[in-house]
Amino acid sequence: MSKPMRSSLIHHLVRAAAFAGYAFFIVYLVRSGSIGLYIAPRMEMYVKLSALALYAAASCQAYQAFRIWIDGSKEADCDCGHAHGPSPSVWKNVLVNGLFVLPVVLGFLMPDATLGSSLADKKGMALGGAEIANRWSAGDAAPQRPDGDASADATSTEGIDPDNLFPADEYTAAHAEYGKRLYKMERIAVQENLFIETLTTLDLYRQRFVGKTVEIRGFVYREEGMGTDRFAVGRFAMNCCSADSMPYGLLTEWPEAYRLHPDQWVRVSGKLTTADFNGDEVLLLQAETVEEIEAPESPYVYPNAGFDEDFAG
């Protein structure tokens, strides 16, 4: 076999191995249950289907290598006047093929890890529900706090029509309806499947929920300016994949906050109020109980796809 044919054979085998490696890696993530650390559940089916496409691509490359090995035939000529074989430069081939092989090798070798305080420092913890909605709006209208809500008297609401307590427009209708339900609860537990929507609603109608008891779970996060008695109970909210995840949480005040370690998972219960933080008014949970807990099976939260239909339909 000539040197160009041997080079072409190796070229196709490396590509086949790379494509097959990506496909095996997806299968590995699915079977180990780690795929949820990288993509949102609604994207899993598409990623699984992509593994089939990668298997097909690997098979095509392996077939080309087989043809060259059996009869030493040249690559199919498309009569376009350009060569489509691998470069005669060994280093160039190593560099190009390495760009495909290295990521999948690192994927198998590096341990799975969840996002935490170090990344939250870089992205900035969103302490207001409307803020994260605006981050993900991608140019579309996002929920905005209703006019007049911040100055309303939250202590004299008995006998008032709930529609007046929770004014809404076309973009906040679902949050207003959800807010009416939360308002009737003596204890508001922030649920996993409505984490983003609950904190967004509490933030949009913050004066309506001052004094309410709220329970929330998340990891401990601190940044400069919080002091020794404050921290944020945070979660990473994932839209499509870990690359677009946003740290999202609730500022919490507790006299013994200094005892908590960053990324420690806690369950916090307390009374909701507001406070000034870095020049902005934000929700503040005055903790009454802080309990250390195990990290949940899925450390991320996701937008509730049926929220608008369920609460404004």
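Which residues form one aromatic cluster? In this predicted model, the cluster is made up of Phe166, Tyr183, Tyr205 and Phe209. One of its members also has a charged partner: the ring of tyrosine 183 has the charged end of lysine 212 sitting over it, 5.1 Å from the ring centre. A similar theme appears at phenylalanine 195, where arginine 235 lies over the face of the ring at 5.8 Å from its centre.

Aromatic contacts can be followed further through the model. Searching the whole structure gives twelve aromatic pairs. In one of these, the ring centres of tyrosine 178 and phenylalanine 307 are 5.6 Å apart and the planes meet at 85°, so the arrangement is edge-to-face. Tyrosine 178 belongs to helix H7 (residues 173-183) and phenylalanine 307 to helix H9 (residues 307-312), so this pair ties together parts that are 129 residues apart in sequence. Tyrosine 178 and phenylalanine 307 are both buried. Phenylalanine 219 and phenylalanine 236 make a stacked pair, because their planes are at 15°, with the ring centres 5.9 Å apart. Here the partners come from strands: phenylalanine 219 lies in S2 (residues 213-221) and phenylalanine 236 in S3 (residues 230-237), so the pair joins parts that are 17 residues apart in sequence. Phenylalanine 219 has a relative accessible area of 4% and is therefore buried; phenylalanine 236, at 1%, is buried too.

A polar contact can be picked out at threonine 200, a residue of helix H8 (residues 195-204). The side chain of threonine 200 contacts the side chain of tyrosine 248 at 2.9 Å. Threonine 200 counts as buried because its relative accessibility is 3%, below the 20% cut-off.

On the surface, Tyr63, Phe66, Trp69 and Ile70 make a nonpolar patch of about 510 Å². Tyrosine 63, one of the patch residues, is located in helix H2 (residues 44-71).

Two loop residues deserve a look for their backbone angles. Most residues other than glycine have a negative phi. Aspartate 263, although not a glycine, has a positive phi of about 75°. This aspartate 263 is found in the loop between strand S4 (246-253) and strand S5 (265-277), and its relative accessibility of 37% is why it counts as partly exposed. Asparagine 278, also not a glycine, has a positive phi of about 55°. The loop that holds asparagine 278 runs between S5 and strand S6 (280-292). With a relative accessibility of 55%, asparagine 278 counts as exposed.

Key:
Residues are numbered from 1 along each chain as its sequence is written. This is a predicted model: local features need pLDDT of at least 70, side-chain atom pairs count only at pLDDT 80 or more; totals for chains, interfaces and linings use all residues. Side-chain values use heavy atoms; hydrogens and water are left out. Helices (H or I, at least four residues) and strands (E, at least two) are DSSP runs, numbered from the N terminus. Buried means under 20% relative accessible area, exposed over 50%, partly exposed in between (1.4 Å probe, protein chains only). A polar contact is a pair of N or O atoms within 3.5 Å; within protein, one must be able to donate a hydrogen and the other to accept it, and residues adjacent in sequence count only if both atoms are side-chain atoms. Patches are made of residues with over 30% relative accessible area and no salt bridge: like charges are joined within 9 Å, nonpolar side chains (Val, Leu, Ile, Met, Phe, Trp, Tyr) within 5 Å. Accessible areas come from the Shrake-Rupley method with a 1.4 Å probe; for residues, only the protein chains shown count as cover. A salt bridge is a side-chain nitrogen of Lys or Arg within 4 Å of a carboxyl oxygen of Asp or Glu. Rings of Phe, Tyr and Trp (its six-membered ring) pair if their centres lie within 6.5 Å; planes under 30 degrees apart count as stacked, over 60 as edge-to-face and the rest as tilted. A charge sits over a ring if NZ of Lys or CZ of Arg is within 6 Å of the ring centre and within 35 degrees of the ring normal.
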